[in-house]
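The following exercises are to be worked with the sequence and the coordinates at hand. Each task is followed by a solution in steps.

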Amino acid sequence: MKRKFFNLSIIVLNSKNIFKILFNGGEARLELESEDILNCGIDIIAKPVGKKMQTLSLMSGGEKSLTAVALLFAIFETRPSPFCILDEVDAALDDSNILRYVEYLKNYLTETQFIMITHR
């Protein structure tokens with residue numbers, strides 16, 4: 001059986017585009033920690049609208065969540081699945097961010113079933 005690997009350049013492009021959608025603008029980039037792409041870590045650097053460029057560790061809980069969702073769905077778009085479980089992704093999001101997140105999920109409703117675990 002031939003194994004398929006993710007195309008990193010497509011994931012990077014997708015994450016930038018999805019970040020802009022989820023944040024209503026801004027910018028983000030992924031940086032590899034080393035040249036060994038199979039074993040290295042990834043630094044996520046982002047700039048939500050009205051803020052400065054910063055690493056994920058310096059963002060608020062809601063900003064971290066939405067940025068992680070952008071990366072998650074960038075990977076998901078590269079290798080889609082008919083089924084996805086999302087466990088409390090919205091826990092740190094305020095109402096306006098939840099609305100954008102849910103609107104974004106609607107893009108996948110024709111090909112993916114979601115189970116969303118939430119306290120809201």
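**Exercise 1. Aromatic pairs**

How many aromatic pairs does the structure hold? Classify the pair Phe19 and Phe23 and the pair Tyr108 and Phe114.

*Solution.* The model is a predicted one. A search over its rings gives eight aromatic pairs.

Step 1. For Phe19 and Phe23, the ring centres are 4.2 Å apart and the planes stand at 25 degrees. Planes under 30 degrees apart count as stacked, so this pair is stacked. Both Phe19 and Phe23 are buried.

Step 2. For Tyr108 and Phe114, the centres are 6.4 Å apart, and the planes make an angle of 75 degrees. Pairing requires centres within 6.5 Å, and planes over 60 degrees apart count as edge-to-face; the pair is therefore edge-to-face. Tyr108 is buried, as is Phe114.

Step 3. Tyr108 and Phe114 also belong to one aromatic cluster, together with Phe73, Phe76 and Tyr104.

**Exercise 2. The antiparallel sheet**

Determine the strand order of the open sheet of three strands, and state which strands stand at its edges.

*Solution.* Step 1. The order is β1-β2-β3, and the pairing is antiparallel. β1 (27-32) and β3 (54-55) each have a single partner strand, so they stand at the edges and one side of each lacks a neighbour in the sheet.

Step 2. Consider β1 and β2. Strand β2 covers residues 42-47 and is joined to β1 by six bridges. Within this pairing, Glu27 has Lys47 of β2 as its bridge partner, while Leu30 is matched with Ile44.

Step 3. Consider β2 and β3. Two bridges connect them in the antiparallel sense, and Ile45 has Thr55 of β3 as its partner. The hairpin of β2 and β3 has six residues between the strands, and Gly50 in this hairpin adopts a positive phi near 80 degrees.

Step 4. Add the helix. Helix α1 (residues 8-22) lies across β1 and β2 and runs at about 155 degrees to β1.

**Exercise 3. The parallel pair and its crossover**

Which side chains of β4 point to the buried face, and which point to the other? Then find the sense in which β4 pairs with β5 and the handedness of the connection.

*Solution.* Step 1. Strand β4 spans residues 83-87, and its side chains alternate. Cys84 and Leu86 point to one face and are buried; Phe83, Ile85 and Asp87 point to the other face and are not buried.

Step 2. β4 pairs with strand β5 (residues 113-117) in the parallel sense, over five bridges. In β5, Ile117 is the bridge partner of Asp87.

Step 3. From β4 the chain passes through helix α3 (residues 95-105) to β5, and this β-α-β crossover is right-handed.

**Exercise 4. Positive phi outside glycine**

Where do Asn24 and Glu88 lie, and is each buried, partly exposed or exposed?

*Solution.* Step 1. Most residues other than glycine have a negative phi.

Step 2. Asn24 is not a glycine, and yet its phi is positive, about 55 degrees. Asn24 is located in the loop between α1 and β1. Its relative accessible area is 57%; the threshold for an exposed residue is over 50%, so Asn24 is exposed.

Step 3. Glu88 likewise takes a positive phi, near 50 degrees. This residue sits in the loop between β4 and α3. With a relative accessible area of 34%, Glu88 is partly exposed.

**Exercise 5. Cysteines and a buried alanine**

How many disulfides does the whole structure contain? Assess the burial of Cys40 and Cys84, then describe the surroundings of Ala74.

*Solution.* Step 1. The search for disulfides returns zero.

Step 2. A residue counts as buried under 20% relative accessible area. Cys40, at 17% relative accessibility, is therefore buried. Cys84, at 11%, is buried as well.

Step 3. Ala74 is placed in helix α2 (residues 61-78). Its relative accessible area is 0%, so Ala74 is buried.

Step 4. Not counting residues up to four places away in sequence, Ala74 touches Ile11, Asn14, Ser15 and Ile18. Ala74 and Val12 are 62 residues apart in sequence, while their C-alpha atoms are 7.4 Å apart in space.

Notes. Residues numbered from 1 in each chain as written. Predicted model: local features only at pLDDT ≥ 70, side-chain atom pairs only at ≥ 80, totals over all residues. Heavy atoms only, no water. Pairing = 2+ DSSP bridges. Helix = DSSP H or I, 4+ residues; strand = E, 2+ residues; numbered from the N terminus. Contact = heavy atoms within 4.5 Å. Axes fitted to C-alpha atoms, helices over the stretch in contact; angles between N-to-C directions. Disulfide = S-S within 2.5 Å. Buried < 20%, exposed > 50% of the residue type's maximum accessible area, 1.4 Å probe, protein only. Phe/Tyr/Trp six-rings, centres within 6.5 Å; stacked < 30°, edge-to-face > 60°. Right-handed = clockwise from strand over helix to strand, strands pointing away.
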